[in-house]
Amino acid sequence: MSGTSQGPAPASDLVRSATTERHVEASDVSAAPGTADTSARAVVESTPSAFSAAPLAMAVVDREGRVVTANAAMETLLGNGVAGPLAGRVAAELVDLAADTRTWHAYREVLRGRQARLRCTRRLKRPDGTSLWVQVSVAPLPEEEGAVLLSVTDISANRQLQARLQHLQLHDPVTRLPNRTLFFERLAAALERDAYEESGTGRIGLVYLDLDGFKAVNDTLGHRVGDRLLSAVAERLTRCAEAAAYGRSAGAPATAPLVARLGGDEFAVLVEDSTGTEQLADLAESVLRTLQAPFDLAGQRLSVSASIGVVERQSASTTATGLMQAADTTLYWAKADGKSRWTLFDPERNAHRMTRQALSSTLRAAVGRGEFVLEYQPLVGMAQGEVRGVEALVRWHHPQFGLLTPNRFISLAEEDGSIVQLGRWILATACRQARRWQLDHPGRAPIFVSVNVAVRQVWDSDLVADVAEILSETGLAPHLLQLELTESALMGSAGRPLQALKALSDMGVRIAIDDFGTGYSNLAYLSRLPVSVLKLDGAFVRGFQYETPQEGGTGDDGVPNPADEIIVEALVQLAHRLGLTVTAEGVETDAQASRLRRLGCDTGQGWLYSRAVSPERIGELLGAAACPQA
């Protein structure tokens with residue numbers, strides 16, 4: 001329809017034009033306007049009954065923007081001739097084309113003949129109060145006619161369908177709550193808004209929860225009951241959010257926090273412009289109380305609880321990913337701490353977790369890079385005070401975190417299985433060093449070396465073969481190697497672990513129970529284990545720091561408990577009757593050493609004799625006549 005016509009177009013052509021070209025986007029033309037009054041009147045006079053009867057709402061508008069004529073469909077669509085006939089009315093006012101600057105400018109360009117056509121969407125309000133969505137198209141008629149054709153299509157049904165489809169896409173079908181997609185859209189918008197808006201608190205909070213034991217409900221009662229439970233939980237969470245909004249605004253209605261179902265039995269409550277951790281803690285406590293009340297679902301009475309992670313922070317210093325990671329971590333803490341509780345995000349605790357993760361990810365490679373070293377703590381005969389052996393203690397020279405003791409990384413190594421690789425390196429290094437001391441000090445009796453072994457080393461590797469190979473390679477006699485396992489690990493040994501221990505014992509290797517007295521303490525089972533040494537936990541020794549037991553002491557406040565001496569004495573006598581030797585750990589004072597000696601302990605280990613030191617320092621101790629006092 002752009003370009004110049006040679007004569008007036010019939011009304012049928014106008015209808016055809018409006019029908020076929022109303023969806024074409026705006027484009028520029030170079031035509032000039034014609035004379036509005038005479039040309040527009042010619043259009044009216046040439047308009048046949050087809051224009052009036054057309055189902056598409058149309059109107060002819062002159063170059064000044066006033067309606068020349070409109071068909072019946074237009075009159076009906078705009079409200080039965082609102083405020084009188086449409087002829088002579090300003091067309092832009094009828095369809096709200098001046099609502100925004102961009103549309104108004106494009107409309108004026110079409111009237112002037114500088115733009116081919118305009119199409120836009122508008123929401124119109126009728127005199128009776130109802131509203132409708134319409135698509136408005138404005139296209140020029142041939143230049144000599146001096147008019148444009150305005151057509152209006154009711155798209156309310158399409159808009160309603162689109163709204164319903166969008167609602168389905170953004171809401172959970174079970175609970176009818178906003179789903180994960182809508183939640184993250186809202187969260188991103190909140191963070192973006194707070195980045196440039198000065199109004200509000202500039203903070204954001206999140207209550208992140210899942211139901212404890214929900215899987216059991218699905219497994220035992222079926223998914224239908226599970227879905228009903230989720231729907232009931234959603235209703236209670238919504239009430240909590242609404243109550244929080246009223247409480248925050250001192251009784252007046254306010255925007256409630258967004259409650260969303262993120263998937264499965266996970267829910268989130270997003271608090272925009274939060275006022276601090278106290279507000280989030282109150283909300284979490286309210287959610288916890290609300291969910292603890294039993295649910296009545298189609299004859300089923302169910303009780304559930306929830307674990308809740310709570311995060312509250314400055315919006316400017318966080319991202320959606322960071323906020324969700326913190327919430328997920330805090331939810332995990334709540335479950336690990338016993339479930340049915342809420343836990344507030346703790347930056348220090350999270351830093352410790354991140355450190356553990358960083359250590360775990362580099363542990364295996366650290367062995368190959370040679371970042372581990374061994375230090376040795378003397379095991380001293382309590383009768384004569386001579387060094388009988390040493391315990392090998394591993395240290396990690398971490399490039400980022402510095403020197404790390406075993407309590408920082410051994411549990412990680414056991415979790416990911418790298419303890420097998422690390423344990424073999426410790427065993428080989430310790431045996432090689434023990435043999436070196438033996439060769440360097442031929443004039444004195446050789447000392448044994450004691451190495452800690454994790455149960456996973458027994459399960460995940462051939463420990464017997466590893467020990468035999470290492471002893472053969474280093475030339476160390478089997479009786480100069482002692483393997484330490486914890487009491488809980490040994491007392492639960494059966495099958496392969498027990499067979500391995502017996503094979504090692506038959507080989508001549510000494511087996512020691514570490515931290516004895518703190519685990520199962522199954523004395524009947526003890527007699528059936530291939531054990532040669534008991535190492536008493538330092539908790540028993542701490543109460544021996546005084547020569548005379550203090551009256552009323554319990555051992556919890558540094559005052560010795562008289563029962564400690566009775567227990568230690570009984571354990572020493574039992575061990576000796578079974579042919580075992582006893583080592584006391586944690587010996588720090590002369591008083592402790594004296595009392596342990598009187599009770600019959602064979603060897604002692606602790607700061608009284610020496611801390612864990614380098615191999616060179618142990619060599620110096622072996623060359624001395626006696627072990628120096630620390």
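Note on a predicted model: confidence, two sheets, two pockets

1. Among the elements of the chain, confidence is lowest in helix α1 (residues 11-21), with a mean pLDDT of 36, and highest in strand β16 (residues 448-452), with a mean of 97. The model is predicted, and these values come with it. Over the chain the mean pLDDT is 83, and 82% of the residues reach 70 or more.

2. Two stretches call for caution. Across residues 1-38 the pLDDT stays under 50, and the model has 77 contacts beyond four places in sequence for them. Residues 549-558 also have a pLDDT below 50, with 17 contacts in the model beyond near neighbours in sequence. Where pLDDT is low, the predicted coordinates should not be read in detail.

3. One sheet is open and has five strands, in the order β2-β1-β5-β4-β3, with antiparallel pairing. Its edge strands, β2 (67-70) and β3 (118-125), each pair on one side only. On average, neighbouring strands of this sheet are turned by 25 degrees against each other, direction ignored.

4. At one edge of that sheet, eight bridges link β3 to strand β4 (residues 131-140) in the antiparallel sense. Lys125 stands opposite Ser131 in β4. Helix α6 (residues 101-111) packs on the sheet and touches β1 (57-62), β3, β4 and β5 (147-154). The direction of α6 makes about 125 degrees with that of β3.

5. Another open sheet of five strands follows the order β7-β8-β6-β11-β12, and here the pairing is mixed. The strands at its edges are β7 (258-263) and β12 (341-344), each of which pairs on one side only. Neighbouring strands of this sheet are turned against each other by 20 degrees on average, with direction ignored.

6. Within the mixed sheet, strand β6 (residues 203-212) and strand β8 (residues 266-272) run antiparallel and are joined by seven bridges. Ile204 stands opposite Glu272 in β8. Helix α12 (residues 320-336) packs on this sheet, in contact with β6, β7, β11 (305-314) and β12. Between the directions of α12 and β11 the angle is about 145 degrees.

7. Where does the lining of the largest pocket come from? At least two residues each are supplied by β14 (387-398), α14 (410-416), α15 (419-440), α16 (455-460), β17 (481-486) and β18 (510-516). Strand β14 gives the largest share, five residues. The volume of this pocket is about 620 Å³.

8. In total, 24 residues line the largest pocket, and those nearest its centre are Leu393, Pro406, Ile410, Asn452 and Asp514. By class, the lining has 12 nonpolar, six polar and six charged residues.

9. The second largest pocket holds about 330 Å³ of space. It is lined by 13 residues, of which Gln377, Gly538, Glu585, Gly586 and Gln605 are the closest to its centre. How is this lining made up by class? It has one nonpolar, five polar and seven charged residues.

Definitions and conventions
Residues numbered from 1 in each chain as written. Predicted model: local features only at pLDDT ≥ 70, side-chain atom pairs only at ≥ 80, totals over all residues. Heavy atoms only, no water. Pairing = 2+ DSSP bridges. Helix = DSSP H or I, 4+ residues; strand = E, 2+ residues; numbered from the N terminus. Axes fitted to C-alpha atoms, helices over the stretch in contact; angles between N-to-C directions. Contact = heavy atoms within 4.5 Å. pLDDT = per-residue confidence, 0-100. 1 Å grid on protein atoms, 1.4 Å probe; cavity = no way out; pocket = protein on both sides within 12 Å on 5 of 7 lines; lining within 4 Å. Points joined across faces, edges and corners; volume = space filled by probe spheres on them. Nonpolar A, V, L, I, M, F, W, Y, C, P; charged D, E, K, R; others polar.
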